[in-house]
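Student: Could we go through this one together, helices and sheets included? I have a few quick things to ask.
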Amino acid sequence: MPVTRDRIYRTPAGMAGGVLLLVIAGWLGIDALIHGEGRTPWLALATLILVVPLVSAFTLRPAVFVNDERLRVRNPFRVVVLPWGEVAGLRSGYSNEVVAKSGAKFQLWSIPVSLRARKKAVRREARQASGVPDNRTRGLGLLGGGLMGGGLSGGSEAASSGPARATTDQIMDDLKALAEKEGTAERAQGEVTVRWAYEVIGPAVAGAVVLVILLVVG
């Protein structure tokens, strides 16, 4: 049976914030490189080498890729691949996590918990229970479509037609259902793999070392 195309979950707000920070850092850094005097260009270069990978890691990089075989979690400094057969559960508290059968826990950076959204969902559910129409349901669908590149619209429809749920809580419900459905499938078996993102860690460490040396040397 062919593997289904990945569904990708990520946060537009985080990506937009990351792009804005990178633009500001680039503008200030390049200006210092061109017009700075003495050690200023070197300090600016070291700072850029440190800041750009870190900003990218925490804003643009996080994503969760899902298909019928596995859950792939791309966090700031690690990439974790969990076949559904190795997923013991998915938990939501102050953060969303996937728990492997080995007991290891991995946070889902790109599916953040919003306590504010949960409170809004509770109020919306109370209005629905009392028969008061909610004109903001359509807005929830638009938000859901933006949170996942290419496929959260189905989850948003479920949220509008069923019990009120915060968007990220609905995503977690969908992932739990998929884990339960595919957990015993032969194609969804294998080992959990964890890879450190040296492409992020390496430049950031190099920038930090150079920056410290420049500051110490004076």
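Tutor: What follows is a talk through helix packing, strand pairing and an aromatic pair in this model, which is a predicted one.

Student: Helices, then. At what angle do H2 and H7 pack?
Tutor: Helix H2, residues 40-59, and helix H7, residues 198-217, pack at an angle of about 150 degrees, and their axes are 8 Å apart. With angles over 145 degrees counting as roughly antiparallel, H2 and H7 are therefore roughly antiparallel to each other.

Student: And is the crossing of H2 and H7 left-handed or right-handed?
Tutor: The crossing of H2 and H7 is left-handed.

Student: Which residues in H2 and H7 meet there?
Tutor: On the H2 side they include Trp-42, Leu-43, Ile-49, Leu-50 and Leu-54, and these belong to a set that meets H7 residues including Val-200, Pro-203, Gly-207, Val-210 and Leu-214. Divided by class, the residues of the contact of H2 with H7 are 16 nonpolar, two polar and no charged.

Student: What about H1 against H2, what's the angle there?
Tutor: Helix H1, residues 12-35, packs with H2 at an angle of about 175 degrees, with the axes 9 Å apart, and that makes H1 roughly antiparallel to H2.

Student: Which residues in H1 and H2 meet?
Tutor: H1 brings residues including Gly-14, Gly-18, Leu-22, Gly-26, Gly-29 and Leu-33, while the H2 residues in this contact include Thr-40, Ala-44, Leu-48, Val-52, Ser-56 and Thr-59. By class, the contact of H1 with H2 has 14 nonpolar, seven polar and no charged residues.

Student: Switching topic: how many aromatic pairs does the structure hold?
Tutor: The structure holds two aromatic pairs. In one of these, the rings of Phe-58 and Phe-77 have centres 5.4 Å apart and planes at 85 degrees, so the pair is edge-to-face.

Student: Where do Phe-58 and Phe-77 sit in the chain?
Tutor: Phe-58 is in helix H2, whereas Phe-77 is in the loop between strand E3 (70-74) and strand E4 (78-83); the two are 19 residues apart, and the pair links distant parts of the chain.

Student: How do E3 and E4 pair, then, parallel or antiparallel?
Tutor: Strands E3 and E4 pair in the antiparallel sense over five bridges, and they form a hairpin with three residues between them. Val-73 has Val-80 in E4 as its bridge partner, and Arg-70 is partnered in E4 by Pro-83.

Student: Which strands are joined to E3 and E4 on from there?
Tutor: Strand E2, residues 63-66, is joined to E3 by four bridges and runs antiparallel to E3, with a hairpin joining E2 to E3 through three residues and with Ala-63 having Arg-74 in E3 as its bridge partner. Strand E9, residues 193-196, is joined to E4 by four bridges, again antiparallel, and Arg-78 stands opposite Trp-196 in E9.

Student: And in what order do E5, E6 and E7 come in their sheet?
Tutor: The three strands form an open, antiparallel sheet in the order E5-E6-E7. Strand E5 (87-92) and strand E7 (105-107) stand at the edges, each with a single partner strand, so one side of each is left without a neighbour in the sheet. Neighbouring strands of this sheet are turned by 20 degrees against each other on average, direction ignored.

Student: Which helix packs on that sheet?
Tutor: Helix H6, residues 167-182, packs on the sheet and touches E5 and E6, with its direction at about 165 degrees to that of E5.

Methods. Residues numbered from 1 in each chain as written. Predicted model: local features only at pLDDT ≥ 70, side-chain atom pairs only at ≥ 80, totals over all residues. Heavy atoms only, no water. Pairing = 2+ DSSP bridges. Axes fitted to C-alpha atoms, helices over the stretch in contact; angles between N-to-C directions. Contact = heavy atoms within 4.5 Å. Parallel < 35°, antiparallel > 145°, perpendicular 65-115°, else oblique. Left-handed = near helix turned anticlockwise from the far one by under 90°. Nonpolar A, V, L, I, M, F, W, Y, C, P; charged D, E, K, R; others polar. Phe/Tyr/Trp six-rings, centres within 6.5 Å; stacked < 30°, edge-to-face > 60°.
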